[in-house]
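I sat down with this one to see how its helices pack and how its chains meet. Here are my notes, in the order I looked things up.

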Number of protein chains: 2
Amino acid sequence: MADSNPVIQLLLTGNEIMSGDTVDSNSAMIAQRLAQLGLSVQRKVTVGDDPALLRRELAQLSRDSDVVIVNGGLGPTIDDLTAQVLADVSGQPLREHPQARAHLEQWCARRNAPLNAANLKQAMLPAAADIIDNPIGSAVGFQQELNDCLIICTPGVPSELRLMLDPVTATLAQRLGKTAQVEIIRLQTFGLGESSAQQIISDAAPDWPDDVDLGFRAGAPQLEVKLTITDAAFRAQQQGCREQLYELLGDHIIGEGSTTLAQRVLQLLQEQGKTIPTAESCTGGLIASMLTQVPGSSTGFHAGFVTYANHIKHSVLGVEEAALAEHGAVSEAVVIQMAEGALRRSGADYAIAVSGVAGPDGGTEDKPVGTVWLAWGSAGQISTRGLCWPVERTLFQTMIAAAGLDMIRRRLLGLSSEPNYFRQRATQVS
Amino acid sequence: MADSNPVIQLLLTGNEIMSGDTVDSNSAMIAQRLAQLGLSVQRKVTVGDDPALLRRELAQLSRDSDVVIVNGGLGPTIDDLTAQVLADVSGQPLREHPQARAHLEQWCARRNAPLNAANLKQAMLPAAADIIDNPIGSAVGFQQELNDCLIICTPGVPSELRLMLDPVTATLAQRLGKTAQVEIIRLQTFGLGESSAQQIISDAAPDWPDDVDLGFRAGAPQLEVKLTITDAAFRAQQQGCREQLYELLGDHIIGEGSTTLAQRVLQLLQEQGKTIPTAESCTGGLIASMLTQVPGSSTGFHAGFVTYANHIKHSVLGVEEAALAEHGAVSEAVVIQMAEGALRRSGADYAIAVSGVAGPDGGTEDKPVGTVWLAWGSAGQISTRGLCWPVERTLFQTMIAAAGLDMIRRRLLGLSSEPNYFRQRATQVS
């Protein structure tokens with residue numbers, strides 16, 4: 001079959017999704033991976049771990065679709081019903097698949113854990129099913145035909161699903177006669193909101209080409225701007241749009257693909273043979289954590305100081321007690337001394353320091369929740385900025401940590417500009 | 001009608017949800033609000049902004065349900081089809097609703113914006129529909145009967161939906177004769193996998209009462225165990241199950257409700273008037289960040305040291321160069337000295353130190369990726385543990401940071417026990 005518009009439907013299962021305890025991000029992941037093949041999901045149905053409902057849905061979906069991707073219900077517990085339901089609907093027994101059992105034995109051995117009965121349930125699959133490998137989790141995936149429809153069963157754990165989508169999309173590409181024609185350029189930006197970016201682009205480019213789809217994905221802290229074409233014939237237009245975005249969004253663009261601010265900063269540090277310590281108060285170690293999530297971060301990052309209490313700012317980073325008493329911990333004077341202390345204590349080239357009121361408590365009339373000072377730079381060349389960014393505590397920490405990394409990125413690139421966010425959130429505090 | 005198990009289904013619409021550009025969190029919000037009334041969502045169907053698909057779904061859902069909540073498609077653009085689809089399916093015209101128009105006029109006036117044609121489309125609703133107020137957005141909600149089913153149409157903007165769920169749930173409580181009957185006890189655990197927990201419970205409690213629903217939610221790092229009853233009459237059974245879980249899962253239980261390890265550690269520190277510094281290598285600031293995400297963490301957390309490079313372990317925490325040279329950075333000797341250094345540098349009561357190989361690179365035959373040493377305790381009373389936990393880098397960091405917090409929790413509680421995870425992952429390295 002090489003239908004140009006095959007019907008693909010998703011069946012998502014899990015009481016935790018129905019109850020709202022878990023937000024389903026898996027179906028978005030699946031849809032995005034299918035989109036890379038030029039395939040789209042027509043409809044998705046979500047039900048709880050109820051065998052009767054699952055049987056009815058799977059039977060109906062198999063009759064209405066070319067492909068059904070089932071997500072969830074592969075775990076070891078009695079709630080996990082997918083294998084049994086597929087066996088029931090296709091009128092075949094469950095049997096132990098040797099390949100799945102071998103996978104479970106290896107999985108347990110790697111963890112020095114015994115293979116228990118609950119795990120073994122994960123090897124009991126519909127007799128006719130073919131196994132799909134799960135490189136990291138205990139639950140293998142499986143697929144089989146039902147009513148001329150390909151049923152593909154995938155695990156609910158997002159990291160496991162992500163890896164399994166490689167063989168799944170390869171299977172679909174072959175079965176549906178799809179070669180990857182969709183080409184996407186992703187630009188990662190920081191410092192612009194989605195509506196601002198949209199406005200800038202629509203004002204400056206009213207004649208945007210129809211063949212290049214412009215999309216946005218607003219994450220915290222980054223905004224991804226996406227240029228999608230569905231045929232390689234439109235590459236020239238796509239490149240034109242890419243150049244136009246570089247002109248319009250300028251130094252808000254961090255990089256392409258899935259580049260994060262931390263990755264970009266570490267890459268620049270490595271290129272320049274520099275290192276950066278962090279001196280954090282309100283972000284509480286998050287900047288250090290963002291940097292050290294990147295494999296190989298030890299080349300550019302050696303030391304972080306989380307100086308949450310005032311006496312630690314003094315004893316560890318040498319911030320003067322007079323500065324703390326006179327200006328308060330959230331002040332330009334203190335973040336400068338934090339950055340200087342971090343440079344001194346670590347012998348590094350650049351430093352980033354932040355101190356602010358993350359809330360929900362601790363705000364004052366002068367310095368309300370959301371007030372923050374940043375300092376960054378090298379010895380003798382430290383820049384500062386005061387902002388007020390009154391959002392929920394963890395979002396505040398995320399955005400401020402990212403803002404700190406972005407200012408280091410700009411310094412390493414020799415830019416004197418600031419992100420758009422800063423202009424909108426400048427504080428009068430000094 | 002006061003059916004005890006009314007059928008409630010959701011119809012979610014939006015191309016951005018189908019494409020995966022947006023993750024749907026609205027359906028989780030709706031489900032959680034309904035759960036407070038003892039109502040559950042039986043099934044949800046998601047389709048793109050396609051009038052034919054929407055008409056077919058809405059017609060079918062109205063025949064199969066007591067209530068259908070439609071979410072999305074109320075905006076001003078041509079993609080927003082919900083009002084037209086409901087009018088089509090119920091065989092009535094769209095007409096301008098004076099109340100909706102007045103709402104739009106006020107909404108535009110507050111923004112000093114003209115009322116344009118796109119906005120006015122939001123006042124054109126099915127003739128028979130009743131308006132539901134939207135206190136913050138331009139799109140009013142609306143509801144009407146169709147095939148003896150109540151159809152409730154709500155906006156896709158999460159902040160608008162959140163507010164509109166107040167009148168919606170009030171309507172449903174009255175119509176369905178529901179007062180809050182569902183009661184959930186949530187136990188937060190660390191150190192047990194879902195399958196181990198399931199196995200322990202099913203081995204020890206084969207006669208689990210039918211009226212108490214046992215559920216699991218595996219997050220990283222915590223596993224939530226949930227006891228749900230649908231009627232207050234089952235409270236005694238629920239309490240019995242709760243006590244049984246405390247016996248079976250013991251000190252793996254961190255707390256109830258939504259308690260996190262960091263919250264529990266901070267609570268214990270506050271009760272005991274103690275503080276804890278962190279000395280982190282492989283977790284790179286994550287332990288400090290987990291602690292400081294908690295509002296009010298400054299009472300128990302004053303200082304964190306991210307000593308990522310060996311020379312920083314020496315210069316900042318006073319780890320002896322000989323220990324680093326002889327045993328390597330990932331060693332018992334070094335984590336003990338890191339913990340001691342953190343205690344000395346901060347003047348605190350307890351410390352936690354970790355050093356490990358997070359990967360993907362940096363492993364050796366002796367110390368493969370996943371090898372980690374933890375040290376925790378107070379001056380003169382420092383405990384250590386070597387583990388091997390070979391999982392993907394960020395998951396490794398998350399689980400090790402949590403393990404460190406858990407060992408401090410156990411120390412603060414005077415427990416000498418270890419979590420189950422440790423027994424499975426003990427390393428031979430010393």
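I began with H2 of chain A and listed its buried residues: A:Asn26, A:Ser27, A:Ala28, A:Ile30, A:Ala31, A:Leu34 and A:Ala35. I should say at once that this is a predicted model. The helix spans residues 26–35, and seven of its 10 residues are buried, so H2(A) is largely enclosed by the rest of the structure.

Next I asked myself: what do the buried residues of H2(A) pack against? Within chain A, I found strand S1 (8–13), S2, strand S3 (67–71) and helix H7 (158–175). Chain B adds helix H1 (15–18) to that list.

That took me to the contact of the two chains. I noted 67 residues from chain A and 60 residues from chain B. On the side of chain B that touches chain A, I have 25 nonpolar, 24 polar and 11 charged residues.

I then looked at strand S2 (residues 43–47) in both chains. S2 of chain A and S2 of chain B run antiparallel and are joined by five bridges. In one of these pairings, A:Val45 has B:Val45 as its bridge partner.

Last, I turned to chain B and its helices H2 (residues 26–35) and H7 (residues 158–176). They pack with their axes 11 Å apart, at an angle of about 25°. Angles under 35 degrees count as roughly parallel, and H2(B) and H7(B) are therefore roughly parallel to each other. I logged their crossing as right-handed. H2(B) contributes B:Asn26, B:Met29, B:Ile30 and B:Arg33 to the contact, while H7(B) brings B:Pro158, B:Leu161, B:Arg162, B:Leu165 and B:Thr169. By class, I get five nonpolar, two polar and two charged residues there.

Conventions:
Residues are numbered from 1 along each chain as its sequence is written. Chains are lettered from A and ligands numbered from 1 in the order in which they are written. This is a predicted model: local features need pLDDT of at least 70, side-chain atom pairs count only at pLDDT 80 or more; totals for chains, interfaces and linings use all residues. Two residues are in contact if their C-beta atoms, placed from the backbone, lie within 7 Å. Ala, Val, Leu, Ile, Met, Phe, Trp, Tyr, Cys and Pro count as nonpolar, Asp, Glu, Lys and Arg as charged, and the others, Gly among them, as polar. Two strands pair if DSSP finds at least two bridges between them. Helices (H or I, at least four residues) and strands (E, at least two) are DSSP runs, numbered from the N terminus. Axes are lines fitted to C-alpha atoms, for helices over the stretch in contact, and angles run from 0 to 180 degrees between N-to-C directions. Angles under 35 degrees count as roughly parallel, over 145 as roughly antiparallel, 65 to 115 as roughly perpendicular and the rest as oblique. A crossing is left-handed if the near helix is turned anticlockwise from the far one by less than a right angle, and right-handed if clockwise. A residue is buried if 20 or more other C-beta atoms lie within 10 Å of its own, exposed if 12 or fewer, and partly exposed in between; C-beta atoms are placed from the backbone.
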